[in-house]
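Biologist: Before I rely on any of the labels attached to this chain, I would like to hear what stands behind each of them.

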Amino acid sequence: MKDSSKVNSNNKEKYAPNNRTIRLDEKEKIKYLKNIVNINGQNNGSIDNLINKIICGDTFEILPYLKKETFDLIIIDPPYNLSKTFNSSSFKKTNDIEYENWLEKWMKPVQQILKNNGSLYICCDWQSSPMIYNIGKKYFIPQNRITWEREKGRGSKTNWKNSLEDIYFFTKTNDYKFYVDKVKIKKKVLAPYVDEKGKPKDWQKTEEGSYRLTHPSNFWGDITIPFWSMPENTDHPTQKSEKLIAKLILASSDENDFILDPFGGAGTTAVTAKKLNRRFISIEKDELYCCLTQKRLEMAEKDKTIQGYKDNFFWERNSLYK
Ligand SMILES: C[S@@+](CC[C@H](N)C(=O)[O-])C[C@H]1O[C@@H](n2cnc3c(N)ncnc32)[C@H](O)[C@@H]1O
């Protein structure tokens, strides 16, 4: 569950003044619904009219209608194998075999629509991680597993606090894009080592302090889960941060490349793709989340800021507020 700054008073919900959660009123819902595509499995294979669109519908019906070898990058943040409510629908925890069958149902069509030099990232938690690997390796080449720290989350009295998640990096062939220079991390230098001539070794002095640019590893400790005072936050229960998605997009695609998110949620992939000048399609079955995505896309017209990413570098957690 994400944090909330709700204050209940006289049965009316009030929010703290600095609560920036993106919400919709009735008028906005009507307005944004008009922009959403409803193809209900009825698409003649033409992708042209779906570019930069939010498709409202069941991904299992829509994926088979998308043309083969279309996408440069596919980012998948599926329901994990946990009982969870996503506004109008719920995902029910099941046994490992059933969950693997469910994974296989979308993994096959995803393999067909990914370009031969394309990349696929799949998010998961510690329990679904081995299943994603097992099914994923049947269709793709596993290149890596990123583990990232969720910073927030409730502690447990009877277990270790659950604060890590995984993202598998798969490709279709060994000919794929990877731009490490686009995803470097700017870290504060704690021990500013200088050589015998007094020159900084691998770091730079700036007006804001001393920094080192480092190559990203497959452990990410700089991600913050969106919460109520962040401008990207919505009420979606499992929203990913734009910073996390930006790393995947910048490492594995070029400008104007085509990105798919088949479990779009509140639209983080679509919004981040737009901010980074990529084309996208997002599929989500809940109308409210589709409308929230539309609102975020409209906001991205005016503000392309990605929190934690500035001057082409990713900054350590909480070292940049804008
Ligand atoms: C883990 S959330 C994705 C969150 C998203 N990454 C974000 O940052 O907002 C998974 C989403 O998949 C949607 N979903 C589940 N089953 C679906 C299906 N069969 N077709 C389309 N969307 C589905 C849920 O409604 C939920 O919003």
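What follows is a conversation about the terms used for this model and the grounds for each.

Modeller: This is a predicted model, in which local features need pLDDT of at least 70, side-chain atom pairs count only at pLDDT 80 or more, and totals for chains, interfaces and linings use all residues. Residues are numbered from 1 along each chain as its sequence is written.

Biologist: What makes S3 and S13 edge strands in the sheet of eight?

Modeller: Strands are DSSP runs of E with at least two residues, helices are runs of H or I with at least four, and both are numbered from the N terminus. Two strands pair if DSSP finds at least two bridges between them. The open sheet has the order S3-S15-S14-S4-S7-S9-S8-S13, with mixed pairing, and S3 (53-56) and S13 (219-220) each pair on one side only, hence the name.

Biologist: How do you know that S14 is paired with S4, and with S15?

Modeller: S4 (residues 71-76) and S14 run parallel and are joined by two bridges, which satisfies the requirement of at least two; Leu-73 stands opposite Ile-259, and Ile-74 opposite Leu-260. S14 and S15 (residues 279-284) also run parallel, with four bridges between them, and here Phe-258 stands opposite Arg-279.

Biologist: What makes the unit of S14, H6 and S15 right-handed?

Modeller: The term applies if, with the strands pointing away from the viewer, the path from the first strand over the helix to the second runs clockwise. S14, helix H6 (residues 268-275) and S15 form a β-α-β unit that is assigned this hand.

Biologist: Why are both faces of S14 called covered?

Modeller: A residue is buried if 20 or more other C-beta atoms lie within 10 Å of its own, exposed if 12 or fewer, and partly exposed in between, with C-beta atoms placed from the backbone. In S14 (residues 258-261), Phe-258 and Leu-260 on one side are buried, and so are Ile-259 and Asp-261 on the other.

Biologist: What is meant by the largest nonpolar core, and which residues touch the most other members?

Modeller: Such a core is a set of buried Ala, Val, Leu, Ile, Met, Phe, Trp, Tyr and Cys residues joined through C-beta atoms within 7 Å. The largest has 61 residues, of which Ile-74, Tyr-121, Ile-122, Ile-249 and Ile-259 touch the most other members. Helix H7 (residues 287-302) gives the most to this core, with seven residues.

Biologist: How is the pairing of S8 with its partner strands supported?

Modeller: Eight bridges join S8 (residues 141-149) to S9 (residues 164-171) in the antiparallel sense, with Glu-165 as the bridge partner of Trp-148. S8 and S13 run parallel and are joined by two bridges, and Phe-219 is the bridge partner of Thr-147.

Biologist: Which classes make up the shell around the ligand?

Modeller: Ala, Val, Leu, Ile, Met, Phe, Trp, Tyr, Cys and Pro count as nonpolar, Asp, Glu, Lys and Arg as charged, and the others, Gly among them, as polar. On that division the shell has seven nonpolar, seven polar and six charged residues. H2 (59-62) and S15 each supply at least two residues of this shell.
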